[in-house]
Amino acid sequence: MKLPGEDESVGTGLPVIYMVIGVSAFVLIMLFAIMKSNDKKSGGSDYLKEMQQQKEELAAAEEEEAASEEPERKLRAEDLEFWDMYPVEEETEGITGNEAVSVSPREDTKAVPDSLKDTFAEKAQRVEQEDKEREEQSRKEEQEKAKEDPSTDGQHTAVTNRDGKEEWVLISPYLTKNTYDFTRMEEKAGLKRYMENGRKISYVGVDLSKQNGDVNFASMKAAGVDYVMIRLGGRGYSTGQITLDENFKKNMDGAVEAGLDIGVYFYSQAISQEEVVQEVEFIVQNLAPYKAQVKYPVAMDMEFVANDEARIDGLSKEDKTELTSSFLEGLKGAGYVPMIYGDKEWLIKEIDLTRLQGYDVWLAQEEDLPDYPYQYTMWQYATDGVVNGVTGDANLNICFVGYSQR
């Protein structure tokens, strides 16, 4: 049975329910949207915080690394103003083309920092030290080169052997060296003179033998000759026979008459002590009439024979030294001044001069200036000279000792 008013109530209830449901759904949707929005905002904030933290950590790391390193000094423009290190003249003139340009010194140059001055000074000192080291190295290299080259080391002398070959021989430290200054040597009319303060302090000599034929001693003296060395005789280099020079007496008498100082020489080919005694006795015997006039030395001439064999070729250096010593001692004992005659090869290589230092030397070397290193008192410098009184080639000599004044 339907109560009164039942249909009306039912008709209005359903719309209300639907409205409530709709409102509830809308509220739920709004709440959900708000919650999503909050979630998004929360996530973005965290991301920004994380990025900010990483940036701060990176900056902190860079600061720490920079703090651990030495700060690099930066040069300023004014630090490069180092011109004040050098003196500046008041005005420097340069020329460009045909015009003169005046250059005034800088007025705004600034002082060089001490740190840069120190750097420049150190560099200059280093460069100077390097230059000194290079010079020292160069000097050592030159010395080493000189040691390897006997022609430049000052310790060797060149000797030309009789076969024409040249060799460098060590200069003996035990022999007296000559001290002649050949810048003081003069030559007049082909005759050499040794000068001192414009005055001749040497003596002009000529050595003579039968090879020169007849000699005009007066003309020779007038030409400036002071003394003669006359060949007395010699021993045959193959036969061994002793002979007197054919012109000995004639030459001796002519020299005495002209008032020339006189010395003599003998060509020795002795190969034994007995033969040396024979030669000395022969010399003393033939000089007896002229002993008072013989004031220059009596020389022993022992030498090789050119292009032939000689008796002495088989003698050793020791043998030749012994025979020479005996010969010279014999002459000394007879009251004469003994002398050794020889060329550079003979004196340096064929006899031992360290055992003959007490005797004067007559050097034979045909050169403008001799290079014999040891002491000598007489020098034969030409065998093809020209002098008045001698026909043909003349053997010219210079003597550095005034024997007649002793």
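# Pockets, cores and local features of a predicted model

The lining of the largest pocket has 12 nonpolar residues (Ala, Val, Leu, Ile, Met, Phe, Trp, Tyr, Cys and Pro), 11 charged residues (Asp, Glu, Lys and Arg) and 12 polar residues (the others, Gly among them). A pocket is an open set of points on a 1 Å grid over the protein atoms alone where a 1.4 Å probe fits, with protein on both sides within 12 Å along at least five of seven lines; lining residues have an atom within 4 Å of a point. The model is predicted: local features need pLDDT of at least 70 and side-chain atom pairs pLDDT 80 or more, while totals for chains, interfaces and linings use all residues. Residues are numbered from 1 along each chain as its sequence is written, and side-chain values use heavy atoms, without hydrogens and water.

## Pockets

The volumes below are the space filled by probe spheres set on grid points joined across faces, edges and corners.

| Pocket | Volume | Lining | Classes in the lining |
|---|---|---|---|
| Largest | about 950 Å³ | 35 residues | 12 nonpolar, 12 polar, 11 charged residues |
| Second largest | about 340 Å³ | 15 residues | 4 nonpolar, 4 polar, 7 charged residues |

In the largest pocket, the lining residues nearest the centre are Tyr267, Asp301, Glu303, Phe304 and Tyr341. Several elements give two or more residues to this lining: strand 9 (227-235), strand 10 (242-244), strand 11 (261-267), strand 13 (338-343), helix 7 (344-350), strand 14 (360-364) and strand 15 (378-385). Helices (H or I, at least four residues) and strands (E, at least two) are DSSP runs, numbered from the N terminus.

The centre of the second largest pocket has Thr160, Asp343, Lys344, Ala364 and Gln365 as its closest lining residues. Two or more lining residues come from each of strand 3 (156-160), strand 13, helix 7 and strand 15. Strand 3 provides the largest share, 3 residues. Strand 13, helix 7 and strand 15 are also listed for the largest pocket.

## Fold and cores

The protein has 7 helices and 16 strands. Of its 406 residues, 35% are buried (under 20% relative accessible area with a 1.4 Å probe, protein chains only; exposed is over 50%, partly exposed in between). Among contacts (heavy atoms within 4.5 Å) with a separation of 6 or more, 61% join residues 24 or more positions apart.

In soluble globular proteins, nonpolar side chains tend to be buried together. Here the largest nonpolar core (buried Ala, Val, Leu, Ile, Met, Phe, Trp, Tyr and Cys joined through side-chain atoms within 4.5 Å) has 72 residues. Met220 and Leu287 touch the most other members of this core. Helix 5 (residues 273-287) supplies its largest share, 5 residues. Beyond residues up to four places away in sequence, Leu287 touches Leu232, Phe248, Met252, Val264, Val294, Val298 and Tyr336. A second, separate core has 14 residues, including Tyr203, Ala299, Val401 and Tyr403.

## Helix 6

The buried residues of helix 6 (residues 317-333) are Lys320, Thr321, Leu323, Thr324, Phe327, Leu328 and Leu331. Their cover includes strand 11, helix 5, strand 12 (294-301), strand 13 and helix 7. Strand 11, strand 13 and helix 7 also contribute to the lining of the largest pocket. Gly335, just after helix 6, has a positive phi of about 95°.

## Individual residues

Thr157 belongs to strand 3. Thr157 is counted as buried because its relative accessible area is 5%. Setting aside neighbours within four places in sequence, Thr157 contacts Glu167, Trp168, Val169, Ile171, Lys344, Ile348, Asp371 and Pro373. Of these partners, Lys344 is also one of the residues closest to the centre of the second largest pocket. Thr157 and Glu167 are 10 residues apart in sequence, with 8.2 Å between their C-alpha atoms.

Two loop residues have positive phi without being glycine. Ala189 has a phi of about 55° and sits in the loop between strand 5 (185-188) and strand 6 (191-196). Ala189 is exposed, at 69% relative accessibility. Its C-alpha lies 8.3 Å from that of Val387, although the two residues are 198 apart along the chain. Asn197 has a phi near 55° and is placed in the loop between strand 6 and strand 7 (199-200). Asn197 is likewise exposed, with a relative accessible area of 82%.
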